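Here's a quick briefing on the open and enclosed spaces in this fold, plus how a few of its helices pack. Have the model open while you read.

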Amino acid sequence: AEIALDVARRGGIRSAVFDPGHGNRIEQRRRLDLALRRALTDGQFFLLFQPQVDLASGTMVGVEALVRWQHPEFGLVSPAEFVPLAEETGLIVGLGDWVLREACRQAAGWDWQGRLSVNVSAAQFRLGDVVGSVRAALESTGFPASRLDLEITETLFVDNDAGIVAALEQLQALGARIALDDFGTGYSSLSYLARLPIDKIKIDQSFVRGLPDPQREVIVETVLLMARRLGKLVIAEGVETDEQRRYLATVGCPIGQGYLFARPSAPEAIGLRSRQVDAA
Ligand code: C2E
Ligand code: MG
Ligand code: MG
Ligand code: MG
């Protein structure tokens, strides 16, 4: 309850972890880590799904799975709060396995043939066996690899690790596609794009949110040109207004994702229904 109060007052799990007012930092971390571990065994995590929409036709061609933590005291906790902590403690491996399996399990049951996108953090590659996890999730759920996108970020490449490239190539060999999330927010983006096993680029929402704006338009249009020349798909993140959607469609961005279309939602709220036949 102490932590919950603190979270409410300070507005974040991480501030509760690092608040010197509540015992020592290590002890607070341990409590939060324990709460996260319990969350996994007690089923406090759940997934929401956000549509990825073909900008020309308006069709929902994909959904991104986004994890949420419903804690009995903290309430609904954002992944911006707990994913970094889970990465620090290593729990991201178990949580990431759960997300992969649960996302594939749900998607395998939908009466909809679009793509499923799942976020995989650099810590999962570093601490776990992402290829094995993906293979296990696909095998146990029957979801086809050919409809799976794995969203990674540029932080994955900071160590220039050949093992990372090999893992991404193995994921592609399974039939999955690799999407580079938050594109434009990291460093050395240009050289990565040409060289690395990346199928899709997600233009970060910071470039989309400010549209219309001459500087951002230069960036968006340059990324589109580059992606086309390199044979990569593009998704614009953070599409919030119809003006942004129209601009993106005009300059040839094929797919968009954002609050304009839908917030991260329960599957039924975005028309994803179980393929189950009615009980006789
Ligand atoms: P992300 O992968 O870049 O996901 C997009 C985030 O932008 C989501 O926040 C989504 O709700 C938000 N968003 C989408 N459209 C709009 C819009 O039009 N306007 C604004 N302002 N925001 C929009 P969310 O769900 O809070 O997730 C935050 C981040 O947490 C994700 O960023 C991702 O890095 C991480 N995350 C979420 N779920 C998972 C997961 O299952 N595994 C891992 N490893 N990371 C996850
Ligand atoms: Mg993402
Ligand atoms: Mg993103
Ligand atoms: Mg992100």
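Let's begin with the enclosed space: V93, D97, Q124, G128, D129, V130 and S133 line the largest cavity. Keep in mind that this is a predicted model. The open space comes next, with about 1000 Å³ in the largest pocket, and after that come two helix pairs and a couple of backbone details.

**The cavity**

- There's one cavity of 30 Å³ or more in the structure, and the largest cavity comes out at about 30 Å³.
- Two helices, α5 and α7 (130-141), each put at least two residues into the lining of that largest cavity.
- Sorted by class, the lining of the largest cavity has two nonpolar, three polar and two charged residues.

**The pocket**

- The largest pocket holds about 1000 Å³ of space.
- Its lining runs to 38 residues, and E64, L66, N119, D181 and D182 are the closest to the pocket centre.
- Elements giving two or more residues to the lining of the largest pocket are the strands β2 (60-71), β5 (148-152) and β6 (177-183), along with the helices α4 (79-89), α5 (92-109), α6 (122-127) and α10 (205-209).
- As for the class make-up of the largest pocket's lining, you get 16 nonpolar, 12 polar and 10 charged residues.

**α5 against α7**

- How do the axes of α5 and α7 cross, and within what distance do they come? They cross at roughly 30° and come within 9 Å.
- Angles under 35 degrees count as roughly parallel, so that's the label α5 and α7 get.
- The crossing of α5 past α7 is right-handed.
- On the α5 side, the contact uses D97, L100, R101, C104, R105 and A108; α7 answers with S133, V134, A136, A137, L138, S140 and T141.
- Seven nonpolar, three polar and three charged residues make up this α5 and α7 contact.
- Two of these contact residues, D97 and S133, also turn up in the lining of the largest cavity.

**α7 against α8**

- α7 also packs with helix α8 (residues 162-174), at an angle of about 20° and with the axes 9 Å apart.
- This pair is therefore roughly parallel as well, and the crossing of α7 and α8 is right-handed.
- From α7, the residues involved are V130, V131, V134 and R135; they meet A167, Q170, L171 and L174 of α8.
- The class count for the α7 and α8 contact is six nonpolar, one polar and one charged.
- V134 of α7 is in this contact with α8 and also in the one with α5, while V130 of α7 meets α8 and lines the largest cavity too.

**Backbone details to check**

- Which peptide bond is cis? That's the one from L211 to P212, with omega near -5°.
- P212 sits in the loop between α10 and α11 (214-230).
- N160 isn't a glycine, yet it has a positive phi of about 55°.
- You'll find N160 in the loop between β5 and α8.

How values were computed. Residues are numbered from 1 along each chain as its sequence is written. Chains are lettered from A and ligands numbered from 1 in the order in which they are written. This is a predicted model: local features need pLDDT of at least 70, side-chain atom pairs count only at pLDDT 80 or more; totals for chains, interfaces and linings use all residues. Side-chain values use heavy atoms; hydrogens and water are left out. On a 1 Å grid over the protein atoms alone, a cavity is a set of points where a 1.4 Å probe fits but cannot get out, and a pocket is an open set with protein on both sides within 12 Å along at least five of seven lines; lining residues have an atom within 4 Å of a point. Grid points are joined across faces, edges and corners, and a volume is the space filled by probe spheres set on the points. Helices (H or I, at least four residues) and strands (E, at least two) are DSSP runs, numbered from the N terminus. Ala, Val, Leu, Ile, Met, Phe, Trp, Tyr, Cys and Pro count as nonpolar, Asp, Glu, Lys and Arg as charged, and the others, Gly among them, as polar. Axes are lines fitted to C-alpha atoms, for helices over the stretch in contact, and angles run from 0 to 180 degrees between N-to-C directions. Angles under 35 degrees count as roughly parallel, over 145 as roughly antiparallel, 65 to 115 as roughly perpendicular and the rest as oblique. A crossing is left-handed if the near helix is turned anticlockwise from the far one by less than a right angle, and right-handed if clockwise. Contact means heavy atoms within 4.5 Å.
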